[in-house]
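Here are my notes on the model you sent over. Have it open while you read.

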Amino acid sequence: MGELLAARWLLSASLTFALLSGSRALTPPNCPVIKDTPCLGDSTNVFIKGTTTAEVLGQLYSRFCGCTYITGSLSIQLSLGTALTEDSFNSLYYLKEISGSLQFNTIPSMSTITLPNLRIIRGQDTFASSGGPVSLLVQSFTNGFLNLPSLTEISNGRAVFVSTSGTCGFLNVLWTDILSNGFLLDYSNSGCSVPSADCSSCPSGHCWSSGSLYCQILTKTVCPQGCGRCFRSSGDGSY
């Protein structure tokens, strides 16, 4: 019941943000939604196969288009070149959950990556690091945009950003609301120091990029004392 209420609230919030926003919404892919069967991901640090960006995006489409749940990890490494649009990654449009970890590496400058429905990264398989396990790793991505507006929970492990100068919207995100068990955001080697997005149109006051389509949804720091995570009622607005 809790998962159903969460899904309904996230859908309602996303539609509200889209109606309020002047931004263009991501185009859904032309493939069937896979609801009941998990899609098989990879082991940590095993990248999607392909020697060119086109090949990698093709593999993403053939393996994961329509997937809502990936068991294992998802690691995407591209080659520098032409900037990519949100629609370049629309094969992951329906993705809601990853049991392992998520990694983006070597993304062309000025690209935009949006996974609009990804809600939870469980971190059952993580990247090892001296600072502790890592479940979200973004590196070598400059002057671009990474948007995970539905991400409300990383169940285990840290979020780490490395060499992402100019892709600093993540500093507008309230990571204590997403991360669990005392794990923290590490951006010490990111090259970012100042938040780069305008979140003034967001009810939470936090966002991934400027514009209401990319508002962060809070589910932990707003909860009444004693609750782990909670969701706002569509009726009276209470948690």
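The points below cover one helix and the cores.

1. Ground rules first: this is a predicted model, where local features need pLDDT of at least 70, side-chain atom pairs count only at pLDDT 80 or more, and totals for chains, interfaces and linings use all residues. Residues are numbered from 1 along each chain as its sequence is written, and side-chain values use heavy atoms, with hydrogens and water left out.

2. Helix α2 covers residues 53-64 (helices are DSSP runs of H or I, at least four residues; strands are runs of E, at least two; both are numbered from the N terminus). Its twelve residues at 1.5 Å each should span 16 Å (1.5 Å times one less than the number of residues), and the end C-alpha atoms are 16 Å apart, so the two agree. Just after α2, G66 has a positive phi of about 90°.

3. Which residues of α2 are buried? They are T53, V56, L57, L60 and F64 (buried is under 20% relative accessible area, exposed over 50%, partly exposed in between; 1.4 Å probe, protein chains only). Seen down the axis, they fall within an arc of 95° (from the directions of the helix axis to the C-beta atoms), so they line one face of the helix. On the other side of α2, A54 and S62 are exposed.

4. The buried residues of α2 pack against β1 (39-40), β2 (69-71) and β3 (74-77). Leaving aside neighbours within four places in sequence, L74 is in contact (heavy atoms within 4.5 Å) with residues including L60, F64 and I48.

5. The largest nonpolar core (buried Ala, Val, Leu, Ile, Met, Phe, Trp, Tyr and Cys joined through side-chain atoms within 4.5 Å) has 43 residues, and L74 and W175 have the most contacts inside it. α2 gives the most to this core, with four residues. Apart from it lies another core of five residues, among them C199 and C207.
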